[in-house]
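Trainee: I've got the structure open, and I'd like to know what the words we use for it rest on. Can we go through them?

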Amino acid sequence: MARFRAAPEHDALTTDQGVRVDDTDNALHAGERGPTLLEDFHNREKITHFDHERIPERVVHARGAGAYGYFEPYLSLSEFTCADFLAEEGRRTPVFVRFSTVQGPRGSADTVRDVRGFATKFYTREGNYDLVGNNMPVFFIQDAIKFPDFVHAVKMEPQNEMPTGASAHDTFWDFCSLQPESTHMLMWLMSDRAIPRSFRMMQGFGVHTFRFVTADGRGTFVKFHWKPRLGVHSLVWDEAQIAAGRDPDFNRRDLWESIEAGSYPEWELGVQLVPEEDEFAFDFDLLDATKIIPEEQVPVRPVGRLVLNRNPQNFFAETEQVAFHTANVVPGIDFTNDPLLQGRNFSYLDTQLIRLGGPNFSQLPVNRPLADVHHNHRDGFGQQVIHPGTNYFPNSLGGGCPAHAGSGGGPGVFRHYAQRVDGEKIRVRSASFQDHYSQAALFWNSMSDWERRHIVEAFRFELGKVTSATVRERMTGNLAHVNAELAAAVAEGLGLPAPAPVEGVPSAASPALSQGNLTGEGIDTRKVAVLAADGTDAGPVAAVRDRLTGRGAIVEVLAPRDGTLHGAGEGLLDADRALPTMASVLYDAVLVPGSAEAVATLSADPAAVRFVEEAYRHGKPVAAIGEGTRLLTAARLPEEVVLGPSAPDHGVLIADGSASAEELADALADALARHRFPYRPGLLN
Ligand code: HDE
């Protein structure tokens with residue numbers, strides 16, 4: 001790909017034709033104050049090119065961020081698949097990954113409540129393989145023919161193009177309430193999974209059941225899982241909404257900055273394998289994309305790791321022009337009859353033909369396979385290749401090239417899985433796809449108390465934005481099939497009577513679904529804000545910073561103004577950021593060092609007071625040294641938390657004179673590793 005990168009550092013400005021340009025600031029005019037001349041080819045070319053810079057955005061998943069890296073298996077999977085990139089422990093395959101939201105346009109905010117795309121292009125030696133997944137393991141619909149309806153319903157409403165980046169509107173809930181197969185996915189969407197703290201802290205799922213195939217044609221069903229090394233963590237809803245304004249690029253920036261800083265995001269690839277003969281061993285259909293295979297039933301085997309270690313150099317050329325396609329498979333990976341997957345296999349190439357302006361987008365640098373490409377496809381807009389010789393098969397004039405790889409196949413040759421197919425042409429949904437509620441209930445049953453509370457609040461928020469009383473009622477009625485308490489709590493928030501309980505709602509749970517069980521390890525890249533002002537004692541700040549950065553966290557000193565602060569003790573303290581440019585939603589924890597002078601300044605600064613108040617309300621660790629507690633009080637943290645012995649249980653950490661800064665830093669690190677404190681005196685978050 002390197003040979004496609006432009007490197008203009010040492011060259012003069014030219015036209016598209018390579019002619020050197022003397023001046024690009026002034027057009028060619030007839031006289032100093034005269035009209036601009038048509039003859040000015042540089043001016044015309046420059047403006048014309050600019051006029052054509054935009055391309056259509058993706059019809060869904062328009063807003064995204066991408067990065068390069070590699071995938072590396074821990075072990076060989078050749079017992080199950082002949083896929084070359086999975087055949088050998090440690091064999092590195094380059095990848096490009098794009099994360100995205102679904103509903104909003106390119107310019108929408110990152111932290112909206114939405115599904116996140118997690119699409120990976122593996123540039124394998126045997127061709128490109130795309131695993132085009134999401135951060136939730138199921139989908140809203142079972143058959144791809146419903147996709148245009150679903151997307152029309154969730155996108156901005158057609159008359160006024162509102163709301164941007166939100167599903168909280170009438171048409172979405174109208175559709176879903178009439179389409180009960182969406183209920184399981186709605187549970188995920190109303191959960192905290194829909195507001196990830198970071199792309200680096202979310203799971204990914206292939207969603208469909210795919211098929212591994214061995215060289216001798218043996219098939220095994222497979223579901224793909226990505227598990228983040230940093231654990232699965234989310235924002236809280238109030239925080240997400242504030243962040244959407246404070247930094248609409250919140251997730252994109254986080255990905256970019258972590259890679260720039262050398263903290264490379266990492267996921268483990270896991271597979272759930274089901275032998276072909278067990279196809280009907282489950283009480284749901286493996287072909288139904290509204291169902292998971294509970295991990296307690298089929299464990300997820302860890303098979304390799306994905307590391308992202310390089311940012312793109314040009315967003316448009318790389319992240320915008322990348323084209324993923326579920327049908328980009330390599331030998332050893334094949335499809336199943338999942339009707340959602342089958343429809344996707346048509347849609348991606350089709351949509352890319354219009355988005356990328358013709359059939360040659362696989363020649364764009366980011367889409368080019370590393371494997372050699374030989375075929376008789378010719379011409380089309382934007383053709384980059386000069387093809388000599390014949391353009392048909394069979395031929396003798398071109399020496400019979402490019403030749404068939406041979407009907408017998410052989411290593412590196414794709415052969416479709418020889419599945420027996422027999423049936424009548426009918427438009428029906430299989431009876432095995434009819435249960436729409438059991439796994440929605442499974443999800444609810446698996447949640448911790450605080451996760452359930454967040455789900456109830458999310459339903460209340462979303463349905464509270466719906467103006468149609470019929471839609472609200474129909475939806476709460478559907479929820480009664482998931483759980484009576486859930487339905488009653490949502491109904492209560494909407495001022496509706498609790499729906500009649502439904503008999504026989506399943507009580508099974510799958511602990512693997514709760515984020516509480518997916519916390520990951522350590523505090524790598526967690527961001528701690530230190531609120532300082534003139535007078536702050538630089539000594540303890542340096543000690544805490546050293547200790548926390550030693551454990552991988554990022555510590556930034558925020559002060560009412562930029563520049564060097566005049567510390568109380570020895571030494572000066574540099575502010576990393578001016579407080580007015582930042583907000584607590586951009587950090588994971590806050591620390592207020594002591595000194596009467598500094599704390600008096602901060603307590604009189606609404607931005608500092610709000611910073612602490614919000615951090616506490618959003619469940620983040622809050623720490624103070626000595627006099628720093630006065631800012632906590634100014635931010636109205638309950639006295640029992642600031643002064644009481646149970647403070648550490650609530651993630652509020654106070655160092656008095658006797659505790660060293662190092663001890664405080666360690667306690668803060670432990671609190672950070674817990675991510676959030678969902679039950680705090682004085683509030684729920
Ligand atoms: Fe997509 N989806 N999708 N989708 N999808 C697109 O392709 C589609 C579905 C997913 O970063 C489009 O190039 C249909 C499930 C991701 O570039 C389009 C159906 C899953 C991305 C399309 C689905 C996804 C897309 C729009 C129902 C998770 C962004 C632009 C059958 C497994 C990829 C484009 C990127 C993008 C069609 C459902 C994931 C229109 C018809 C299920 C991550 O082709």
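Mentor: Sure, and helix 2 with helix 3 is a good place to begin: their axes come within 6 Å and cross at roughly 145°. This is a predicted model, where local features need pLDDT of at least 70, side-chain atom pairs count only at pLDDT 80 or more, and totals for chains, interfaces and linings use all residues. Residues are numbered from 1 along each chain as its sequence is written.

Trainee: What makes an angle of roughly 145° between helix 2 and helix 3?

Mentor: Axes are lines fitted to C-alpha atoms, for helices over the stretch in contact, and angles run from 0 to 180 degrees between N-to-C directions. The stretch in contact (C-beta atoms, placed from the backbone, within 7 Å) takes Asp149, Phe150, Ala153 and Val154 from helix 2, and Thr171, Phe172, Asp174 and Phe175 from helix 3.

Trainee: Which residues of helix 3 are called buried?

Mentor: Phe172, Trp173, Phe175, Cys176 and Ser177. Buried means that 20 or more other C-beta atoms, placed from the backbone, lie within 10 Å of a residue's own, so these five residues of helix 3 meet that cut-off. Their cover includes helix 2, helix 4, helix 10 and helix 11.

Trainee: How much of the protein is buried?

Mentor: 44% of the 685 residues.

Trainee: And how many helices and strands are there?

Mentor: 18 helices and 20 strands, counted as DSSP runs numbered from the N terminus (helices: H or I, at least four residues; strands: E, at least two).

Trainee: Why is the protein called as compact as a globular one of its length?

Mentor: Its radius of gyration, taken over C-alpha atoms, is 28 Å, close to the 26 Å from the globule rule for 685 residues, so the description fits. That rule is 2.2 Å times the number of residues to the power 0.38.

Notes: A residue is buried if 20 or more other C-beta atoms lie within 10 Å of its own, exposed if 12 or fewer, and partly exposed in between; C-beta atoms are placed from the backbone. Two residues are in contact if their C-beta atoms, placed from the backbone, lie within 7 Å.
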